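Open the model in your viewer and keep the selection tool ready. We will go stop by stop.

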Amino acid sequence: MDSTVASTGTEGKTWGGGNRPLGASYGKLMMWFFIVSDALTFSGFLAAYGFSRFKFIESWPIADEVFTHVPFLHGQELPMIYVAFMTFILIMSSVTMVLAVDAGHHMNKSKVTLYLFLTIIGGAIFVGSQAWEWATFINGDYGAVQTKGGNILQFGEYVTEDGKEKFKRISIDDFAMTVEGQRVEHERKNGLWFVDEAPLPEYSVSEIYNGLAANENILVRTQTIDENGQKTVLSREESLKQVKDNGQLVVKGANLIVNEYGTSLFADFFFFITGFHGFHVFSGVVINIIIFFNVILGTYERRGSYEMVEKVGLYWHFVDLVWVFVFTFFYLV
Amino acid sequence: MAAHEHKLEIFRGLWKFKSNQQKIWGVLVFLTFVTAIEVILGIYKPDVLMTPLMSPFEGGFFATLGNILFSPVIYMKLLNLIFILLTIVKAYYITWDFMHMRDEKGSLRKMVVWTGVFLICYLIFILLQEGGYVFEVYNGDDSLIKRDF
């Protein structure tokens, strides 16, 4: 079973590259080495996420409250559903990949072509889904006020649903009261011509405060997790006091600097880890497309071996493997 | 081109397949099943699973050592422990059946798995231990850091 492409003329010799103790070709072995090192990179990221989470264990955002959106189902809180769909897509594309490898073992060119094509489609759907997930996360939904200490104050009210009292979030858009005479964004044409300013937040803290003061039902929720695993809701007086004394900035959505869902580290790790994973998926799709065309052109047919599909397959499955862990540590635990 | 050998049984021989394709679909069914369990548990979060199995040991050096050794059942909610174990189960079947680790030589298998598992466990232990320590520094009674303002 000689699946290596080039023959070195040293087969069977102890020295000089023959005699394979691990029973795998050079290319496959190197792919395994790469996978081990890449696995260590990803576990470094995930362990760093764990470090930061342990550091702020009492105020870390609850993932179920962050990732609740599903496309076309606007306004419904459906945690887990969308990410479960993404996981299934990726596992499914792993299956088509392994079927392509299997068809390659049988030198069945048309089946390899079909399964590789399906794999590429699956990868593209996954990357697209991730882009949507990012966009939703960046745009945010309810908005919040950031304090001088960098903590996040969120808003909501107690409502009774099915006989149970629960805290329901309220968007800042629904209660903020516009105050006349707020400062406007500085532009080159009306101020210093050599200075730019980032866009101002949609509301100022005093607008939020006025809205809060006018609506008796609205309470502030801090990022501190109580003994029941829920975020702490402040009393009415405390709520007003917190926003008035400590409120500094109105945030909506998340980026690398602010995060309406809680500590900004959460957003940083989310962007970094899912971004790095998404980059792997993207490069996987590109490599898949390259070998897809090679398969169509008959390169591997002439070579007499579809081992290249197998090696790229190893990479593709690894990307799936990493996602399984990202899924657990970002969305479940 | 010789035929490629595949080991066609999973769950230690409990489930045997007639062909490699069938095994692939079988593994897909299993992985989907495990993911479905995770999602259902994640949505409903049964109250029984929301506490750790054991409470921490009190006392001196050996209690601390025991707390470190049994940390997954002492400091982790049962639900989270189940999630992590199910994840490792999924990782096993992806590696063994999709990446054909089952069909590789034992030496290759050990080279990849033992190296990775050892280094990752070490890294996780160090970083989580340190993260917990920093939490203590931030939130202890004699803490000099104030963040709630």
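The tour below starts with the ground rules, then visits chain A, chain B and the contact.

**Ground rules.** This is a predicted model: local features need pLDDT of at least 70, side-chain atom pairs count only at pLDDT 80 or more, and totals for chains, interfaces and linings use all residues. Residues are numbered from 1 along each chain as its sequence is written, while chains are lettered from A and ligands numbered from 1 in the order in which they are written.

**Stop 1: all of chain A.** Select chain A. It has 10 helices and six strands. These are DSSP runs, numbered from the N terminus: H or I over at least four residues for a helix, E over at least two for a strand. The radius of gyration is 26 Å, well over the 20 Å that the globule rule gives for 333 residues, so chain A is more spread out than a compact globule. (The radius is taken over C-alpha atoms; the rule is 2.2 Å times the number of residues to the power 0.38.) Along the principal axes, the C-alpha atoms fill a box of roughly 85 × 60 × 40 Å.

How much of chain A is buried? The value is 38% of its 333 residues. (Buried means 20 or more other C-beta atoms within 10 Å of the residue's own, exposed 12 or fewer, partly exposed in between; C-beta atoms are placed from the backbone.)

**Stop 2: strand β1.** Select residues 144-147 of chain A, which form β1(A). A:Ala144 and A:Gln146 point one way, A:Val145 and A:Thr147 the other, and all are buried. In a regular strand the side chains alternate between the two faces of the sheet.

Now add residues 247-251, strand β6. β1(A) pairs with β6(A) in the antiparallel sense over four bridges. (Strands pair if DSSP finds at least two bridges between them.) Look for A:Leu249, the bridge partner of A:Gln146 in β6(A).

**Stop 3: strand β2.** Select residues 152-161 of chain A. β2(A) pairs with β1(A), antiparallel, over two bridges. A:Val145 has A:Leu153 as its partner, and A:Gln146 has A:Ile152. The two strands form a hairpin with four residues between them. In that turn, A:Gly150 has a positive phi of about 90°.

Next, select residues 164-169, strand β3. Six bridges join β3(A) to β2(A), again in the antiparallel sense. A:Tyr158 stands opposite A:Phe167. This hairpin has two residues between its strands, and A:Asp162 in the turn has a positive phi of about 50°.

Then add β4(A), residues 219-225, which runs antiparallel to β2(A) with three bridges. Find A:Gly156 opposite A:Leu219.

**Stop 4: helix α8.** Select residues 264-297 of chain A. At 1.5 Å a residue, the 34 residues should span 50 Å; the end C-alpha atoms are 49 Å apart, which agrees. (The expected span is 1.5 Å times one less than the number of residues.) Just after α8(A), A:Gly298 takes a positive phi of about 85°.

**Stop 5: chain B and the contact.** Switch to chain B. Domain 1 covers 1-103 and domain 2 covers 105-143; the bounds come from an automatic or database domain assignment. Their C-alpha centres lie 19 Å apart.

Show both chains. Which helix of chain B gives the largest share of the side that touches chain A? First, the totals: 46 residues from chain B and 49 from chain A. (Contact means C-beta atoms, placed from the backbone, within 7 Å.) On chain B, α1 (20-44), α4 (78-98) and α5 (106-139) each supply at least two residues. The largest share, 16 residues, comes from α5(B).

How values were computed: Contact = placed C-beta atoms within 7 Å.
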